[in-house]
Amino acid sequence: MSPALVLEVQTICKEDELVESHKYHKGVKHLCERGLTKVPRKYILPALERPLLSKKDGATNLKLPIIDLAQLQGPDRIHALESLSKACEEYGFFQLINHGIASESVLEMIQAARKFFELPFEERSKYMSKDQSAPVRYGTSFNQNKDRVFCWRDFIKLNCHPLSDVLPFWPSSPAELRQAVVNYSKGTKSLYLMLAKAILESLGLVETEKNIDENDSCDLLKEFEDGSQLIVANCYPSCPEPDLTLGMPPHSDYGFLTLLLPDEEVKGLQIQHEGRWVTVEPIPNSFVVNVGDHLEIFSNGKYRSVLHRVLVNPSKSRISIASLHSLPFNSMIRPSPKLVNDANPRRYKDTDFATFIQYMASHEHKNKNFLESRRLSQLGDA
Ligand SMILES: O=C(O)CCC(=O)C(=O)O
Ligand SMILES: [Fe+2]
């Protein structure tokens with residue numbers, strides 16, 4: 001081939017890619033609305049990364065350990081703390097029951113998210129942004145600027161901290177969305193603070209009998225209160241060939257804790273447990289809570305931020321709402337000095353949000369690769 005022809009072919013391929021990527025950046029919902037009978041190439045995973053839906057892999061259901069918030073806040077706290085500790089060590093996940101958030105607030109949040117995804121594409125697309133710290137961001141896949149294979153998810157991410165600064169930027173349609181997110185984010189934040197304090201206690205870092213106000217000398221609890229919160233509504237449209245793709249690839253969550261409201265009717269969340277992918281069975285009126293990378297680092301590896309992924313299915317679309325809680329944007333996360341000693345040396349480097357954002361901008365997020373990049377390879381190597 002002549003050099004001119006090679007150049008021409010390369011240019012055409014590049015243009016094809018551009019057209020393709022532009023098309024896919026509009027999201028899965030947009031593609032599905034135009035009618036699809038096959039999964040486009042952009043979403044087809046390499047054979048080894050596909051879910052094995054017809055085999056054992058897709059069929060194994062798991063009941064997560066249950067933590068009862070009423071027990072945790074009552075006279076039997078010690079036992080609930082033991083269960084919490086065991087769940088965070090062995091599963092990195094638990095199911096929270098008796099959480100105390102009004103069911104109306106939960107329903108309003110789900111309804112508002114559902115209505116948002118039903119808006120015409122032109123309305124949704126107003127909130128598309130590449131800025132990771134934007135008060136609101138509508139997008140698709142996992143990290144659409146880096147993913148080579150896209151996943152079958154659209155999302156809206158609402159930054160919730162501080163509420164008064166971000167609220168004016170949130171979508172004004174559907175009309176009930178803002179109030180629903182305000183109520184829901186306040187409820188989940190106070191739940192998170194209760195859980196974070198319980199986790200500190202379970203790690204032996206805060207005394208059991210004190211409550212948050214009495215502990216105001218404890219900087220860490222203050223940092224939790226000032227921490228960032230992101231509400232993410234995920235929409236996974238039904239998929240004509242669910243064995244070729246995933247709604248979310250295997251990943252761990254970056255922050256301290258995630259409070260997830262899975263779709264009660266449509267299963268899809270899988271976690272890696274004892275070397276296998278297992279499907280989480282949703283329990284009505286409960287949250288699925290998981291340990292994030294911050295907590296794994298902070299606990300010096302005692303609690304584990306576990307890989308999870310999302311399956312899609314051929315007949316039903318699925319909605320989930322994740323409330324992601326991290327320490328404040330400028331905080332440095334490091335293993336708690338009280339959890340580091342000769343027998344249990346420091347396992348992770350100090351890390352902050354900026355490092356994470358830089359990492360995400362320059363790497364394809366795969367499995368736990370960010371956390372692995374923070375792991376100390378040799379003792380004493382900070
Ligand atoms: O949709 C789900 O069940 C999981 C969502 C999730 O893992 C996330 O938002 O980080
Ligand atoms: Fe997640």
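This report describes the fold, the ligand surroundings and some backbone details of a predicted protein model.

**Overall composition**

The protein has 382 residues, of which 37% are buried. Its secondary structure comprises 13 helices and 13 strands. Where contacts join residues at least 6 apart in sequence, 79% of them link residues at least 24 apart.

**The eight-stranded sheet**

One open sheet is built from eight strands, in the order β2-β3-β11-β8-β13-β6-β5-β4, with mixed pairing. At its edges stand β2 (66-68) and β4 (136-140), each of which pairs on one side only. Direction ignored, neighbouring strands of this sheet are turned by 25° against each other on average.

Within this sheet, β8 (residues 257-261) pairs with β11 (residues 287-291) in the antiparallel sense, over four bridges. In this pairing, L260 stands opposite V288 of β11.

Helices also pack against the sheet. Helix α5 (residues 77-90) touches β2, β3 and β11, and its direction makes about 150° with that of β2. Helix α6 lies across β5, β6, β8 and β13, and runs at about 115° to β13.

**The five-stranded sheet**

Another open sheet has five strands in the order β1-β10-β9-β12-β7, and its pairing is also mixed. The edge positions belong to β1 (61-62) and β7 (248-251); each has a single partner strand, so one side of each lacks a neighbour in the sheet.

Three of the pairings in this sheet can be set side by side, each with one pair of residues that stand opposite each other.

| Strand pair | Bridges | Sense | Opposite residues |
|---|---|---|---|
| β9 (residues 269-273) and β12 | three bridges | antiparallel | L269 and V310 |
| β9 and β10 (residues 276-280) | four bridges | antiparallel | Q272 and W277 |
| β1 and β10 | two bridges | parallel | L62 and V280 |

Strands β9 and β10 form a hairpin with two residues between them. In the turn of this hairpin, E274 has a positive phi of about 50°.

A general point helps when viewing either sheet: in a regular strand, side chains alternate between the two faces of the sheet.

**The surroundings of ligand 1**

Which residues surround ligand 1? The shell consists of V232, N234, M248, D253, L260, P262, G268, L269, H308, V310, S320 and A322. By class, seven of these residues are nonpolar, four are polar and one is charged. Strands β6 (228-236), β12 and β13 (318-326) each supply at least two residues of the shell.

Several shell residues have already appeared above. L260, which belongs to the shell, is the residue opposite V288 in β11. L269 and V310, both listed around the ligand, stand opposite each other in the pairing of β9 with β12.

**A helix and the residue after it**

Helix α9 has 26 residues and reaches 36 Å from its first C-alpha to its last. This span is close to the 38 Å expected at 1.5 Å a residue. Just after α9, G204 takes a positive phi of about 75°.

**Unusual backbone geometry**

Most residues other than glycine have a negative phi, and most peptide bonds are trans. The following places depart from that pattern.

The peptide bond from H161 to P162 is cis, with omega near -15°. P162 is located in the loop between β5 (154-159) and α8 (163-166). The bond from S173 to P174 is likewise cis, with omega near 0°. P174 belongs to the loop between α8 and α9 (177-202).

Two asparagines have a positive phi. N98 has a value of about 50° although it is not a glycine, and N98 sits in the loop between β3 (93-97) and α6 (103-118). For N300, phi is near 55°, and the residue lies in the loop between α11 (293-298) and β12 (308-310).

Is each of these asparagines buried, partly exposed or exposed? N98 has 15 other C-beta atoms within 10 Å, so N98 is classed as partly exposed. N300 has 21 other C-beta atoms within 10 Å, and N300 is therefore buried. The cut-off behind this reasoning is that a residue counts as buried if 20 or more other C-beta atoms lie within 10 Å of its own.

Definitions and conventions
Residues numbered from 1 in each chain as written. Chains lettered and ligands numbered in written order. Predicted model: local features only at pLDDT ≥ 70, side-chain atom pairs only at ≥ 80, totals over all residues. Buried ≥ 20, exposed ≤ 12 C-beta atoms within 10 Å, placed from the backbone. Near = placed C-beta within 6 Å. Nonpolar A, V, L, I, M, F, W, Y, C, P; charged D, E, K, R; others polar. Expected span 1.5 Å × (residues − 1). Pairing = 2+ DSSP bridges. Axes fitted to C-alpha atoms, helices over the stretch in contact; angles between N-to-C directions. Contact = placed C-beta atoms within 7 Å.
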